[in-house]
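These are my notebook entries on one structure. I set out to look up its chain contact, its salt bridges and its enclosed and open spaces.

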Amino acid sequence: MLQISKSINSKGIFYNLSGHLDMSTAETFRRAVVEEQCSRGEVIHFDLSDLVFIDSSGIGELFRCYWHYSNLGIRVVFKNTNPDIEEVLDVIGFREAVAD
Amino acid sequence: MQNNLDYWFPFVLVCGSILINIPKYNKSVVSGTELSIQQLFRSIKGFRPYQHIRDRNRFKVYRYLIFAFTKGKVNLLTTNEFINIFTQGRVNLTLPIRDKSDITMSRIEIDKYLQVFGYQWQGKKRMQILLCISEATTNIIKHANIGEIALRVDDNKVTIFVLDQGPGMELEYLPNILFHHGFSTKDSLGCGFSLIYRYVDCLALATSEKGTKLAMDFKLQEEK
């Protein structure tokens, strides 16, 4: 339902999410991402473009992840080119809340 | 029990009035102050005369206000009124919601079902309906543990019924739950109902201590 692929290079850690991010897949996301060991000053990039669905529970998980790493001094960037996903992010106020 | 109390209420009222006029009882419950009829009845635990009439009137006020405020988009119904709507027509698909995985599965099943129905089931409208389904079924898991979702397709309208047997919603919280983006009684973003309200064409809602029932209407355009 939710696939997460990870790559690391000199610019930071890159996660590509595909599938469905909702209450049933939130645990998968949390386990894969929030338990990541990062150090201060690093950047984590999330690409949401391949998600086919996200709801408020899924966005809640993105918020938690953002706050968790921001409190540790780690920058989190969310990239998305999917208009359906972008609409939900906008309506819930995610973009406004995580704007740099 | 409540009806029995209502039956005896006039009798208790008369007795109470007589007792209050006897100096011996006048200062008995609230020491040092005069005992009013209201104080006497309040001192009887659980005694709420005509409570069901007050509840019915309170329900009517909420129903009219929510209907007017939403310009007819949200209808607050009694459980019996809701059951009448639910049983009026044929249901095309029913799916149980028993655990978290059913949130995704029910959404995928309904998506597949509507793809072959001959309507413009794509783009924004499709995503908005799937989002409402997801928010409503997530509420089942959060607040009621189990429930079911049913689908009815009539002409160019899709109705999604979401039914649970949870503790229901307090009438006082309803305006906040529906219209206050970010209001939640649980640890969540509190956007579920406000998203449903945003995207639905018409919403019928019945809630009581026996559960919450939603009927979400969405208009679809015919395929050209």
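**Entry 1: the largest cavity**

I sorted the lining of the largest cavity by residue class and found four nonpolar residues, one polar residue and three charged residues. I note at the outset that the model is a predicted one. My search of the whole structure for cavities of 30 Å³ or more returned one. For the largest cavity I recorded a volume of about 40 Å³.

I then listed the residues that line the largest cavity. From chain A they are D84(A), E87(A) and V88(A); from chain B they are K124(B), M127(B), Q128(B), L131(B) and Y199(B). Two elements give two or more residues to this lining, namely α3 (83-92) of chain A and α7 of chain B. The largest share, four residues, belongs to α7(B).

**Entry 2: the contact between chain B and chain A**

Next I looked up the contact between the chains. How many residues does each chain bring to the contact? I counted 25 residues from chain B and 20 residues from chain A. The two chains bury about 1800 Å² between them, and 64% of that area lies on carbon and sulfur atoms.

I turned to the polar side of the contact. Between chain B and chain A I found two salt bridges. One of them joins the side chains of K124(B) and E87(A), with an N to O distance of 3.9 Å. That distance falls inside the cut-off, since a salt bridge requires the nitrogen to be within 4 Å of the carboxyl oxygen. Both K124(B) and E87(A) also appear in my list for the lining of the largest cavity. For polar contacts between chain B and chain A, the count is eight residue pairs, with both residues at pLDDT 80 or more.

I also asked which helices supply the side of chain B that touches chain A. At least two residues each come from α6 (101-115), α7 (123-144) and α9 (192-199) of chain B. The largest share of that side, 10 residues, comes from α7(B). By class, I entered 11 nonpolar, seven polar and seven charged residues for the side of chain B that touches chain A.

**Entry 3: salt bridges over all chains**

I extended the salt-bridge search to the whole structure and obtained 13 over all chains. One that I examined lies within chain A: the side chains of E27(A) and R30(A) meet at 3.3 Å, N to O. Why are E27(A) and R30(A) about one helical turn apart? The two are separated by about one helical turn because they stand three residues apart in helix α1 (residues 26-34) of chain A. As a general remark, side chains of opposite charge can pair when their charged atoms come close.

**Entry 4: the second largest pocket**

Finally, I looked up the second largest pocket, for which I recorded a volume of about 600 Å³. Its lining comprises 17 residues. Which of them lie nearest the centre of the pocket? I found D55(B), F59(B), T207(B), S208(B) and E209(B) there.

From chain B, α4 (51-69) and β5 (202-208) each supply at least two residues of this lining. The largest share, five residues, is that of α4(B). I classed the lining of the second largest pocket as five nonpolar, six polar and six charged residues.

Technical notes: Residues are numbered from 1 along each chain as its sequence is written. Chains are lettered from A and ligands numbered from 1 in the order in which they are written. This is a predicted model: local features need pLDDT of at least 70, side-chain atom pairs count only at pLDDT 80 or more; totals for chains, interfaces and linings use all residues. Side-chain values use heavy atoms; hydrogens and water are left out. On a 1 Å grid over the protein atoms alone, a cavity is a set of points where a 1.4 Å probe fits but cannot get out, and a pocket is an open set with protein on both sides within 12 Å along at least five of seven lines; lining residues have an atom within 4 Å of a point. Grid points are joined across faces, edges and corners, and a volume is the space filled by probe spheres set on the points. Ala, Val, Leu, Ile, Met, Phe, Trp, Tyr, Cys and Pro count as nonpolar, Asp, Glu, Lys and Arg as charged, and the others, Gly among them, as polar. Contact means heavy atoms within 4.5 Å. Buried area is the accessible area (1.4 Å probe) that two parts lose on being put together, summed over both. A polar contact is a pair of N or O atoms within 3.5 Å; within protein, one must be able to donate a hydrogen and the other to accept it, and residues adjacent in sequence count only if both atoms are side-chain atoms.
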